[in-house]
Amino acid sequence: MAAAVVSGNVPKHSLSSSSSNSAAPVIGMSKTDIVKRGLELGAPFQLTWSCYQSEKIACGACESCALRLRAFARAGAADPLRYADPGSRPA
Ligand SMILES: [Zn+2]
């Protein structure tokens, strides 16, 4: 994919500038894409969350938790994280 960018005339500045774009996979990705990619890579999702309410157990009710749960649902995966609100758990 990246090879198509440098076809034809190559501007001088592109030769000296460092190309670090490929090292930022998260930028431009949706939350669902991040979950999918993380699952592919075997990311430890049980160790990560960004709950607004709690630092011990994710509340499962705040906007951040809802976003995460929705992303997992769209990715067709189960969130391994424990949530304080049992009502939000699919099982
Ligand atoms: Zn929360």
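What percentage of the 91 residues of the protein count as buried? In this predicted model, the share that counts as buried is 11% of the 91 residues, and the views below take the protein part by part.

**View 1. The whole chain, with its three helices and zero strands.** Read from one end of the sequence to the other, the protein follows the pattern α-α-α. Among the contacts that join residues at least 6 apart in sequence, 52% are between residues at least 24 apart.

**View 2. The crossing of helix α2 and helix α3.** The axes of α2, which covers residues 31-41, and α3, which covers residues 63-75, come within 8 Å and cross at roughly 60°, and the crossing in which α2 passes α3 is right-handed. On the α2 side the residues that meet the other helix are Lys 31, Thr 32, Val 35, Lys 36 and Leu 39, while α3 brings Leu 67, Ala 71, Phe 72, Arg 74 and Ala 75. Sorted by character, the residues of this contact comprise six nonpolar, one polar and three charged.

**View 3. The largest nonpolar core, made of seven residues.** Its members are Val 35, Cys 51, Ala 58, Cys 65, Leu 69, Phe 72 and Tyr 83, and the element that gives the most to this core is α3, with three residues. One of the core residues, Phe 72, is in contact with Val 35, Ala 77, Ala 78 and Asp 79, when neighbours within four places in sequence are left aside.

**View 4. Met 29, in the loop between α1 and α2.** Why does Met 29 count as partly exposed? Met 29 has 13 C-beta neighbours inside 10 Å, and because a residue is buried only with 20 or more and exposed with 12 or fewer, such a count falls in between. Leaving aside neighbours within four places in sequence, Met 29 is in contact with Ile 34 and Arg 37.

**View 5. The confidence of the prediction along the chain.** The pLDDT averages 75 over the protein, and 63% of the residues score at least 70. Among the elements, α3 has the highest mean pLDDT, 93, whereas α1 has the lowest, 48. Over residues 2-7 the pLDDT stays under 50, and the model has one contact beyond four places in sequence for this stretch. Residues 14-22 also have a pLDDT below 50, with two contacts in the model beyond near neighbours in sequence. Where pLDDT is low, the predicted coordinates should not be read in detail.

Methods: Residues numbered from 1 in each chain as written. Predicted model: local features only at pLDDT ≥ 70, side-chain atom pairs only at ≥ 80, totals over all residues. Axes fitted to C-alpha atoms, helices over the stretch in contact; angles between N-to-C directions. Helix = DSSP H or I, 4+ residues; strand = E, 2+ residues; numbered from the N terminus. Left-handed = near helix turned anticlockwise from the far one by under 90°. Contact = placed C-beta atoms within 7 Å. Nonpolar A, V, L, I, M, F, W, Y, C, P; charged D, E, K, R; others polar. Core = buried A, V, L, I, M, F, W, Y, C linked by C-beta atoms within 7 Å. pLDDT = per-residue confidence, 0-100.
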